[in-house]
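Welcome, and thanks for taking a look at this one. Below is a short tour that moves from one sheet to the next and ends with the chain as a whole.

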Amino acid sequence: MHLWNGYHPEMVTDYYQFTMAASYWKEGMEGTATFSLFVRDYPPHRAYFVAAGLESLAAAIQEYRFHPDSLEYLRSLGKFPKGFLDYLARFRFTGSVRALPEGRIFFSQEPLLEVTAPILQGQLLETLALNTLHLETLLASKAARCVAAARGRPLVDFSLRRTQGVDAGLKTARSSYITGFQGTSNVLAGRLYGIPVYGTMAHSYITSFQHEMDAFRAYARVFPDNTVLLLDTYDTLSAAEKAVLLAKELQKQGKALRGVRLDSGDLLHLSQKVKDLFRHHGLDEVAVMASGNLDEYRLEELLSQGACIDAAGIGTRLGVSADAPYLDMAYKLVEYDGRPIVKLSPGKTTWVGRKQVFRSYGSSGVMEEDVLGLAEEEIPGTEPLLLDIFRNGERVRPEESLQDIRRRFQEDWARLPEKYKVLRPTERYPVRISDALRTLQDRVTRARKREEVGDLGGVRSEE
């Protein structure tokens, strides 16, 4: 039984993908199609996206077969011809995929992925591709903003308990690690992806002991080399004084208190008071960690006001991308059987044809401009971003390690101009349309309007 993330990938789809596929099969439509996946526009306060999810999607494509259980379910619906179900039983992806490698920074209207395959195959991949790339790209883009706001301070993903399900929790841990988080509280993510895991204690642990100091000492007995204390169960400043006592007890054992965590209250005032207390007692090395409803906006506010925060746990608002819970991501047919395809729906116009993104850099190495052009174009002095992932149904770009993806993001991040990294950007990165693409777009648009827009021989009612 082949499973991907616990599911048969061929069933991670919308019903209408099968109805369209059945029609393509019935009509004998076997021409090659190209589908382009992109984000139409930015959510508020965004100026870039971080590509993520490709490794998950590639694994799903490799596993894409119609299992007998899946075929039996489709048969039970009583809607599909036997010949079509027999076709699905023999289904193998034979097409090509070009995509942005994970960790790359990209911008609106630029393809994150293009699938070129017989139209039925490309159609069946739509929902799977959107679902996979949307979530991880959304989360990676949010996490990158948190890293920027932290100004070099370590961040840990604390989101699992409030993400929209187990898979979303896993993908939050993975996506945030790509963009520079130090680790996660998610043990399953640690096991599956090799991400460092972190955790301290909960308030229930503190309250289970007769006294707060008893809890602190008990924890230190088990983890003398990694003691981090939660301070806000009863009174934060009183708990900080107890932490000082424990730190001195650990020093006598040749150990050191590693840190404390603040999870509620006035984090600005409390972090300053706690840090001052530790400094007064010569405990400068004790880190102050903050958590509790933090995101990039709250981090920026606290740090700009002088909060003494050495590290932070980012939870709910990261895991649900609270300020921008979705991207306007689309997967659209742009070429079929050698014919460029355009969609002219108001506000949802697509760029025709197979495309490539060409990136140029300034003399200092920073990103200067992207050009959205046709795949066959060559633009000297630029870097083509879309790479071959599958060719003729076979994966041609090997699976990448999370560390390699993480390094790629860091390289792109270093080359992104600072004005686009700010939390409330006022400018958008320039993405220019090549002359060749614009010319083709105009020609196809005129032809479509000429052929499809009219009164249909008097069918349209007179006004």
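## A parallel sheet

Strand 6 (residues 155–157) and strand 11 (residues 311–314) run parallel and are joined by 3 bridges. Within this pairing, Val156 sits opposite Gly313 of strand 11. Please keep in mind that you are looking at a predicted model.

The two strands belong to an open sheet of 6 strands, arranged in the order 7-6-11-10-9-8 with parallel pairing. At its edges are strand 7 (183–184) and strand 8 (228–230), each of which pairs on one side only.

## An antiparallel sheet

A second open sheet is built from 7 strands, and here the pairing is antiparallel. Reading across it, the order is 13-12-1-5-3-17-18. Strand 13 (339–340) and strand 18 (394–395) are the edge strands, with a partner on one side only.

Inside this sheet, strand 1 (residues 32–39) meets strand 5 (residues 113–118) in the antiparallel sense, over 6 bridges. To find the pairing on your screen, look for Ala33, which stands opposite Ala117 in strand 5.

## Strand 15 and its partners

Strand 15 (residues 367–374) is worth a stop of its own. It is mostly covered, with 6 of its 8 residues buried. Strand 14 (residues 355–361) runs antiparallel to strand 15, and 7 bridges join the two. Ser360 has Glu369 of strand 15 as its bridge partner. Together, strand 14 and strand 15 make a hairpin with 5 residues between them. In the turn, Gly365 has a positive phi of about 95°.

Strand 15 also pairs with strand 19 (residues 431–433), this time in the parallel sense and over 3 bridges. There, Leu372 stands opposite Ile433 of strand 19. Strand 15 therefore has an antiparallel pairing with strand 14 and a parallel one with strand 19, and strands of a sheet can pair in either sense through backbone hydrogen bonds.

## A covered helix

Helix 2 spans residues 54–62 and is mostly covered, with 7 of its 9 residues buried. The buried set consists of Leu54, Glu55, Ser56, Leu57, Ala58, Ala60 and Ile61.

## Domains from the record

UniProt, in an unreviewed entry, places the feature "domain: Nicotinate phosphoribosyltransferase N-terminal" at residues 11–133. In the model this stretch is 43% helix and 18% strand, and its end C-alpha atoms are 17 Å apart.

The unreviewed entry in UniProt also lists "domain: Nicotinate/nicotinamide phosphoribosyltransferase" for residues 155–345. That span is 42% helix and 16% strand, with its end C-alpha atoms 42 Å apart.

## The whole chain

Stepping back, the protein chain holds 17 helices and 19 strands. Its C-alpha trace spans about 90 × 55 × 50 Å along the principal axes. Of the 463 residues in the chain, 52% are buried. Among contacts with a separation of 6 or more, 74% are between residues 24 or more positions apart.

On the outside, the chain exposes about 21,500 Å², and carbon and sulfur atoms supply 49% of that area. How many positive and negative side chains does the protein chain have? There are 59 positive and 61 negative ones, and the centres of the two sets lie 2 Å apart.

Methods: Residues numbered from 1 in each chain as written. Predicted model: local features only at pLDDT ≥ 70, side-chain atom pairs only at ≥ 80, totals over all residues. Heavy atoms only, no water. Helix = DSSP H or I, 4+ residues; strand = E, 2+ residues; numbered from the N terminus. Buried < 20%, exposed > 50% of the residue type's maximum accessible area, 1.4 Å probe, protein only. Contact = heavy atoms within 4.5 Å. Areas by Shrake-Rupley, 256 points an atom, 1.4 Å probe, with all protein chains shown as cover. Lys, Arg positive; Asp, Glu negative; His and termini not counted. Charge placed at Lys NZ, Arg CZ, Asp CG, Glu CD. UniProt positions renumbered as here; feature names shortened; annotations may be inferred. Pairing = 2+ DSSP bridges.
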